Amino acid sequence: MLELFLNKPKQMELRSMEALPALKDDEVKIRLVYGGICGSDLSVFLGKLTHASYPLRPGHELLGHIIEAGKNVPYELGTRIIVQPNSYCGECVNCLNGQTNICPEKKSLGVTVNGGFSEQFIISSKYVMPVPDDLPDERAVLVEPFAVIVHAFKKVHITKGTTVAVLGCGNEGMLAVALAHYLGADVTAMDINPIKLELIKTLGDIRVIHPDELKGETFDIVVEAAGAQSAFENGLRLVRPGGQMILIGLTPEATIPVIRVVRSEITLYGSIIYNIPDDFQHAMEYLRDTNFNVQPIVSKIIPFTDYKHAFEDALSGNYGKVLLDFKKNPV
Ligand SMILES: [Zn+2]
Ligand SMILES: [Zn+2]
């Protein structure tokens, strides 16, 4: 059996895995189907995520089947599952409040602990969720990254005619564009990459634009998904008085014109990952609706043994989600 492994930033290898240990009572063994490459996997790969710990097996967008289960596991063998890749204690004030996403004990697969880019791995059944039969693999693997957007959008009210600007059309930005469009918003998608903007157009009737081309226009809701200081600062200027800005990009620092925020009553929302099970369940409900167009977001499916090309493509910024296919290699 094989796994992808990062000895340190930029040094990824495909290697044989050590034999997996015996399962604990609550654990399942998963045989992976797809692993999605996320922006944070790229940051971990490049060494740009300061809280990542190496050596590390990357990967947290994981779809697979249960092939072995401990005696307290409530699922049948063969169940198709997605993984919730962020742990939580369940006992702190945040967890008791339903905000498992900001648990101080949170550990993140593929960032602070070994992730799942391997043919098989073991995880507590607490962190897996069965996938409904009518959700194809290529949509099911989007549940985790899409739950980030579902969670973020719960902070605001987006309906027919709401003007929404999305800054930065990486995977999360594209999913935000898709959901805002599905909810009936007038969506403006911004990215500095013209190839990405062409791809966005295939999601539906969406206005696409280079951020420098906007002059004096404002929006009800601005979604910052670029994770860059300039995007945050430009984005804040694009919020109409009384409007709202949702921050999902991980910009370390930026300047805030406080007087404009105060005088124009602008609301800023920080949003990190999701709360389970709710945000995962709601993400699944959207994805089960075939009218919800996310087709162009899954741009490439590449055998995991060809991981170099997969990471190159993902790093190019020219594509939507790049999936690693773990099915094709005989175990
Ligand atoms: Zn992700
Ligand atoms: Zn907690």
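In which loop is P55 found? In this predicted model, P55 sits in the loop that runs between helix 1 (39–46) and strand 4 (61–69), and the peptide bond leading into it from Y54 is cis, with omega near -5°. A second cis bond joins I276 to P277, here with omega near 5°, and P277 belongs to the loop between strand 13 (267–270) and helix 9. A further backbone feature is found at K10, which has a positive phi of about 70° although it is not a glycine; K10 lies in the loop between strand 1 (2–8) and strand 2 (11–16). As background to these features, most residues other than glycine have a negative phi, and most peptide bonds are trans.

Turning to the overall arrangement, the chain is divided into domain 1, made of residues 2–145 together with 275–325, and domain 2, which spans 156–270. The C-alpha centres of the two domains lie 27 Å apart, and 13 residues of domain 1 are in contact with 15 residues of domain 2. On the domain 1 side of this contact, seven residues are nonpolar, five are polar and one is charged. The UniProt record, an unreviewed entry, carries the annotation "domain: Enoyl reductase (ER)" over residues 7–324; across that range the chain is 26% helix and 26% strand, and the end C-alpha atoms are 20 Å apart.

Helix 4 (residues 143–153) offers a useful place to examine the packing, with helix 5 (residues 171–182) as one of its partners. The axes of helix 4 and helix 5 are 9 Å apart and form an angle of about 55°, and the two helices are therefore oblique to each other, with helix 4 passing helix 5 in a right-handed crossing. The contact brings P145, F146, V148, I149 and F153 of helix 4 together with N171, E172, L175, A176 and L179 of helix 5, a set that comprises eight nonpolar residues, one polar and one charged.

Helix 4 also packs with helix 9 (residues 278–288), in this case at an angle of about 105° and with the axes 8 Å apart, which makes helix 4 roughly perpendicular to helix 9. Here V143, F146, A147, V150 and H151 of helix 4 meet D279, F280, H282, A283, M284, Y286 and L287 of helix 9, and by class this contact has nine nonpolar, two polar and one charged residues. F146 of helix 4 thus takes part in the contact with helix 5 and in the contact with helix 9.

Terms used:
Residues numbered from 1 in each chain as written. Chains lettered and ligands numbered in written order. Predicted model: local features only at pLDDT ≥ 70, side-chain atom pairs only at ≥ 80, totals over all residues. Domains from an automatic or database assignment. Contact = placed C-beta atoms within 7 Å. Nonpolar A, V, L, I, M, F, W, Y, C, P; charged D, E, K, R; others polar. Axes fitted to C-alpha atoms, helices over the stretch in contact; angles between N-to-C directions. Helix = DSSP H or I, 4+ residues; strand = E, 2+ residues; numbered from the N terminus. Parallel < 35°, antiparallel > 145°, perpendicular 65-115°, else oblique. Left-handed = near helix turned anticlockwise from the far one by under 90°. UniProt positions renumbered as here; feature names shortened; annotations may be inferred.
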